[in-house]
Amino acid sequence: MNTKKIPVISAKLALPFTLITFCFALWGFANDITNPLVKAFGTIFNQSAFISSFVQFTFYGGYCFMAIPAAIYIKKYSYKSGILVGLALYALGGILFIPASLVGLFWPFCAAFFIMTCGLSFLETSANPFILAMGDEATATQRLNLAQSFNPMGTIIGILVAKEFILGRLDKMSSADRSLLGPEEFNAIKMSDLAIVRTPYVAISIVLIIVLILILITKMPKGEDKSHKLDIKGSFSRLIQNIRYREGVLAQAFYVGAQITVWTFTIHYGTQVLMDEGMIEAEAATEAVMFNFYASLLFGISRFICTFLLKYLKPGTLLMYLAIGAVLLIFPVMFMGGRFGLYSLVGISGCMSLMFPTIYGIALTGVGEDAKLGAAGLVMAIAGGSILPPLQGLLVDNWTLNFSFLLPLICFLFVALYGYRVHFKYGEGISS
């Protein structure tokens, strides 16, 4: 079939496609305004990398917890209704930063993150297969990659907001100096910093409410909801027997875990490199966020390039090559360090750009009405981003920061293996 003659998205679906695609940017914003907070909360609360990594554990744990309920909900109702619920929960999580900052404890923030990402789970479980359904299956992976190309725009904005409106405004006192303060002085600085942290989350909640209203009043295509019959047992049985889907869920878990550990600990890595060059900790941490910005910029550019390359290369093959590239770039991070290691860490994002939507599209190819439950399984795989950051935090606390990147290296090896198996073992066509 010549996919060049099939439109990626038809003109009559341009507005619905645009609104749903904007949601991709919204959850990208949430992901990347949050990544720097692992380092920030470590300083604000004077706690270990392991405890601070529970920001990511609860953030991505919400994805896993809500994925199946979200799939059941959208199966019974529609993708549109799932997106509306997702936006509402996302906004609620942001608003809960107000009481969390007033209480002044770490764990209420984790609870707010959890509720927020329950909403993101609804969004991703709904939006990804909705985009796949907005046209011919032959161009589905291209369509999803196109929509996902706008995700990095949200991440870039999230990083810049984190740098300028959170990290750039926090008290400049180092972790070591804070540990020497008396309880009252420490608490005063902490409460001031937490008030700074909450502001962007409250602001994005207002944006979310506006987007929710726009989607509510916009007519969406209904063809994707051919049946509202719930057959969870049957769908699960068919999906678990589909080797490409089954291994795709595992590959997605390893990929997301690798992505979140790389982006989370880029801040730590960059901070250490810049401190070794003579910067004080607060300035180094703020400046290190720019390397996450460069990584996200490269991620976004590479996403568009890879979407173009998919016209000429099989998805599994390109996935395999890029995963191998990510593995090779981790070696300078582990063994060379310094600026070269930091630049290599940024370069990994160019390799990661293709992975999520491509694994997603490959895994869901040919699953038909099982796509909604199948999408939930792939969203649950985001739990890899919940589990791996605390594990890497333990490695940072008890081993070395450089060698903690052995963890994402192993993850990328599995993704490369999945790409190899897709292309060479069970094929890139529609599975049975």
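Which residues lie nearest the centre of the second largest cavity? I shall answer that in a moment, after one word of caution. The structure above is a predicted model, and my remarks should be heard with that in mind.

Let me begin with the enclosed spaces. The count comes to two cavities of 30 Å³ or more. The second largest cavity has a volume of about 160 Å³. Its lining is made up of 15 residues, and those nearest its centre are Thr43, Leu170, Asp171, Ala282 and Ala285. That settles the opening question. Helix H2, residues 37-44, and helix H14 each give at least two residues to this lining. By class, the lining of the second largest cavity holds seven nonpolar, three polar and five charged residues.

The largest cavity contains about 190 Å³ of space. Here 18 residues form the lining, and Trp27, Asn31, Glu124, Gln259 and Phe356 lie nearest the centre. Several helices take part: H1 (14-34), H4 (54-76), H9 (151-166), H13 and H14 (281-309) are the elements that give two or more residues to this lining. Which helix supplies the largest share of the lining of the largest cavity? It is H13, with five residues. In terms of class, the lining of the largest cavity divides into ten nonpolar, five polar and three charged residues.

I turn now to the way in which helices pack. Two packed helices are described by the angle between their axes and by the distance between those axes. Two pairs will serve as examples.

The first pair brings back H2, which we met at the second largest cavity. H2 packs with helix H11, residues 183-217, at an angle of about 155°, and the axes are 10 Å apart. An angle over 145 degrees counts as roughly antiparallel, so H2 and H11 are roughly antiparallel to each other. On the H2 side, the contact is made by Leu37, Phe41 and Ile44; on the H11 side, by Phe186, Lys190, Asp193, Leu194, Val197 and Tyr201. Seven of these contact residues are nonpolar, none is polar and two are charged.

The second pair is H12, residues 232-241, and H13, residues 243-276. Their axes lie 5 Å apart, and the packing angle is about 85°. Are these two helices parallel or perpendicular? Angles of 65 to 115 degrees count as roughly perpendicular, and H12 and H13 are therefore roughly perpendicular to each other. Leu239, Ile240 and Gln241 of H12 meet Ile243, Tyr245 and Arg246 of H13. This contact comprises four nonpolar residues, one polar residue and one charged residue.

H12 and H13 also appear at an open space, the second largest pocket, where H12, H13 and helix H18 (371-380) each supply at least two residues of the lining. The pocket holds about 250 Å³ of space. Among its lining residues are Leu239, Ile240, Tyr245 and Arg246, which also belong to the contact between H12 and H13. Other members of the lining include Ile68, Phe236, Val249 and Leu373. By class, the lining of the second largest pocket has nine nonpolar residues, one polar and one charged.

Finally, I should like to point out three single residues.

Asparagine 46 is found in the loop between H2 and helix H3 (49-52). Its phi angle is near 55°, a positive value in a residue other than glycine. Asparagine 46 is partly exposed, with a relative accessible area of 36%.

Glycine 182 sits in the loop between helix H10 (175-178) and H11. With a relative accessible area of 25%, glycine 182 is partly exposed. Glycine 182 and serine 78 are 104 residues apart along the chain, and 55 Å separates their C-alpha atoms.

Arginine 339 belongs to helix H16, residues 338-352. How many residues separate arginine 339 from leucine 274 in sequence? The answer is 65, while the C-alpha to C-alpha distance in space is 8.7 Å. Leaving aside neighbours within four places in sequence, arginine 339 is in contact with Val273, Leu274, Glu277 and Phe291. As for its surroundings, arginine 339 has a relative accessible area of 33%. Partly exposed means between 20% and 50%, so arginine 339 falls in that class.

To close, I return to H13 on the structure above: this helix packs with H12, gives five residues to the lining of the largest cavity and takes part in lining the second largest pocket. Thank you for your attention.

Notes. Residues numbered from 1 in each chain as written. Predicted model: local features only at pLDDT ≥ 70, side-chain atom pairs only at ≥ 80, totals over all residues. Heavy atoms only, no water. Axes fitted to C-alpha atoms, helices over the stretch in contact; angles between N-to-C directions. Helix = DSSP H or I, 4+ residues; strand = E, 2+ residues; numbered from the N terminus. Parallel < 35°, antiparallel > 145°, perpendicular 65-115°, else oblique. Contact = heavy atoms within 4.5 Å. Nonpolar A, V, L, I, M, F, W, Y, C, P; charged D, E, K, R; others polar. 1 Å grid on protein atoms, 1.4 Å probe; cavity = no way out; pocket = protein on both sides within 12 Å on 5 of 7 lines; lining within 4 Å. Points joined across faces, edges and corners; volume = space filled by probe spheres on them. Buried < 20%, exposed > 50% of the residue type's maximum accessible area, 1.4 Å probe, protein only.
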